[in-house]
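Grab a pencil and work through these exercises with the structure open beside you. Try each task yourself before you read the solution.

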2 protein chains.
Amino acid sequence: MAFAAQRFADNGYHPTSVAEIVEGLGVGKGVFYWYFDSKEELLRAILADGQLDLRRRQRAAITGATTPLERIERGIRASIEWSLEHPVFFRLFQFAATDDRFTENLRKGEQVAVRDAARHLADAMDAGEIPEADPKLQAHAMLGVSSHLVHLVHRGLLDADEAVVDTAVSFCLHGLQGPRPA
Amino acid sequence: MAFAAQRFADNGYHPTSVAEIVEGLGVGKGVFYWYFDSKEELLRAILADGQLDLRRRQRAAITGATTPLERIERGIRASIEWSLEHPVFFRLFQFAATDDRFTENLRKGEQVAVRDAARHLADAMDAGEIPEADPKLQAHAMLGVSSHLVHLVHRGLLDADEAVVDTAVSFCLHGLQGPRPA
DNA sequence: TCCGTAGTTGACCGATCGGTCAAGAGGCCC
DNA sequence: GGGCCTCTTGACCGATCGGTCAACTACGGA
C-alpha cells in the first residue's frame with residue numbers, strides 16, 4: 001500500500017497501472033487481486049489509512065488543552081504539521097476530492113473533523129471568546145487556509161518554514177475573532 | 001471546448017476519452033486532431049480560457065474601488081462569485097492542481113492573481129489599514145478560504161447562499177486585520 | 001508421507017485507449 | 001472544368017488497460 005500510494009501521488013491515480021505497481025514490488029499480478037478487489041479499492045484503503053492517522057494526530061494534539069480556542073489552535077497546528085509530514089497522503093486526499101468515485105470516502109472523515117472543530121467553535125462562542133457565527137462555515141474556512149498553504153509548500157512554492165504554520169494559525173484565529181469590540 | 005470541459009468536469013479528465021468527446025459532438029475523430037495536437041493540449045486550452053475569464057472578472061471588480069482594502073474585498077467577492085457561476089472551470093482548476101502535467105499551467109495565472117492581491121495588501125499595510133505581515137502568504141490564505149468554500153457549494157454540502165460569500169469575506173478581512181490595538 | 005489450504009505466478013482476455021492516415025467532400029479561384 | 005486547399009471521415013494501429021484464472025509452490029497438521 002505504501003508503494004502504491006507513492007506511485008499514485010507521483011504519477012497520478014489513473015496513469016498508474018496495476019501492472020506498474022506489482023512490477024515495482026516484484027510480485028505477480030495475482031497477489032494484488034488476492035488482497036484487493038480492484039485498483040479503486042486499493043486507493044480507498046489507502047485513503048482510509050491516511051484519514052485514520054490524521055484523525056489520531058488531531059485527537060492527540062487536542063488533549064490537554066484547557067480552552068475551546070486552544071483546542072482549535074492545536075487542531076490547526078496538528079493538521080498542518082501532519083499534512084506537511086505526509087505529502088503522499090495529502091496529495092491523494094487532494095486528488096480524491098476531485099474525483100467523484102472517491103469524494104464520498106473523504107466526506108465522512110472530513111465531516112467528522114469539521115463537526116469536531118465546529119463543536120469547539122460553538123463552545124468558544126458560548127464562552128464569549130469569539131463572536132457568534134456559523135461554526136461549520138468557519139471550520140471549513142480554516143480547513144481551506146491550512147490545506148491551501150500546505151499545498152503550496154508541497155509544490156515547492158513556499159518554504160516549509162514554521163512561519164507558514166504561524167501565519168495560518170494567526171490568520172484563522174483572527175478571522176474567527178472578527179471585529180473586536182472597542 | 002465547452003462540451004469537452006463539461007465531460008472532463010463530470011467524468012474526470014483521464015476517464016473521458018477522445019472518442020467519447022467526438023461522438024458526443026457527432027463529428028469524426030480527425031476533426032479533433034485537426035484542431036488540437038492532443039487531449040492534453042485541449043485541457044490546457046480550456047484552462048487558459050477559464051483563467052482569462054476569471055482574470056477579467058477580477059480586474060473589472062477592482063476598478064472603482066478607492067482603498068486597498070476595498071480592492072481586496074471586491075477581488076475576493078468577484079473570485080467567489082465567478083467560481084460559483086462556473087462550476088465546470090472551477091472543477092477543472094481543482095483537478096489541474098493535482099496533476100503534474102497541468103500544475104505549471106495554473107501556476108502562472110495563479111501567481112499573477114496572487115501578486116496582484118499581495119500588492120494591494122502591501123498598499124494597505126503602508127496605509128496603516130492592516131498590520132504588517134507577509135502579503136503573499138495572506139493572499140494565498142484568502143485564496144484557500146474562498147476556493148474551499150466554493151468547493152463545498154459545488155459538492156452540494158453548502159447552499160449557494162450569499163451568507164457563504166459574506167462569511168468568507170469577513171473571515172478573510174478579519175484574518176488580515178489581526179489583533180486590533182486596544 | 002501426503003493432503004489441504006493459503007498464497008503466488010504470469011500468460012492471457014476483451015476492451016479501450018490516444019493517435020494516425022488514406023480517402024474524400026466541399027468550396028474557391030483561375 | 002480542373003487544380004487546390006481546408007476541413008472531415010472513420011477504419012485502423014500498436015500499446016496498454018483492469019481484471020481473470022489454471023497451474024503451481026510452500027508449508028502446517030494428521
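**Exercise 1.** Find out which kind of DNA strand D atom Ser17(A) and Lys39(A) approach with their side chains, and at what distances.

*Solution.* Keep in mind that you're looking at a predicted model.
- Step 1: Start with Ser17(A). An N or O atom of its side chain is 3.4 Å from a phosphate oxygen of DNA strand D.
- Step 2: Move on to Lys39(A). Here a side-chain N or O atom is 2.5 Å from a phosphate oxygen of DNA strand D.
- Step 3: Now check Lys29(A). A polar atom of its side chain lies 2.3 Å from a base oxygen of DNA strand D.

**Exercise 2.** Describe the protein surface near DNA strand D: which residues come nearest, and which helix gives the largest share?

*Solution.*
- Step 1: There are 15 residues around DNA strand D, and Val18(A), Lys29(A), Lys39(A), Gly28(B) and Gly30(B) come nearest.
- Step 2: Look for the helices. Helix 3 (29-35) of chain A and helix 3 (29-35) of chain B each supply at least two residues. The largest share, 5 residues, comes from helix 3 of chain B.
- Step 3: Sort by class, and you get 6 nonpolar, 6 polar and 3 charged residues.
- Step 4: Turn to the DNA side. Of the strand D atoms within 4 Å of the protein, 58% belong to sugar or phosphate, and the rest to bases.

**Exercise 3.** Do the job again for DNA strand C: which residues are closest, and which polar contacts can you find?

*Solution.*
- Step 1: Strand C is surrounded by 15 residues, and the closest are Gly28(A), Gly30(A), Val18(B), Lys29(B) and Lys39(B).
- Step 2: Look at phosphate oxygens of strand C. One is 3.4 Å from a side-chain N or O atom of Ser17(B), and Tyr33(B) has a side-chain N or O atom 3.0 Å from one.
- Step 3: Check a base too. A backbone N or O atom of Lys29(A) lies 3.2 Å from a base nitrogen of strand C.
- Step 4: Helix 3 of chain A gives the largest share of this surface, 5 residues.

**Exercise 4.** Work out how helix 5 and helix 9 of chain B cross.

*Solution.*
- Step 1: Two packed helices are described by the angle and the distance between their axes.
- Step 2: The axes of helix 5 (residues 68-85) and helix 9 (residues 162-177) of chain B come within 10 Å and cross at roughly 145°.
- Step 3: The crossing of these two chain B helices, 5 and 9, is right-handed.
- Step 4: Count the contact residues by class, and you find 11 nonpolar, 1 polar and 3 charged.

Methods
Residues are numbered from 1 along each chain as its sequence is written. Chains are lettered from A and ligands numbered from 1 in the order in which they are written. This is a predicted model: local features need pLDDT of at least 70, side-chain atom pairs count only at pLDDT 80 or more; totals for chains, interfaces and linings use all residues. Side-chain values use heavy atoms; hydrogens and water are left out. Axes are lines fitted to C-alpha atoms, for helices over the stretch in contact, and angles run from 0 to 180 degrees between N-to-C directions. Helices (H or I, at least four residues) and strands (E, at least two) are DSSP runs, numbered from the N terminus. A crossing is left-handed if the near helix is turned anticlockwise from the far one by less than a right angle, and right-handed if clockwise. Ala, Val, Leu, Ile, Met, Phe, Trp, Tyr, Cys and Pro count as nonpolar, Asp, Glu, Lys and Arg as charged, and the others, Gly among them, as polar. A residue is near a molecule or strand if one of its heavy atoms lies within 4 Å of it. A polar contact is a pair of N or O atoms within 3.5 Å; within protein, one must be able to donate a hydrogen and the other to accept it, and residues adjacent in sequence count only if both atoms are side-chain atoms.
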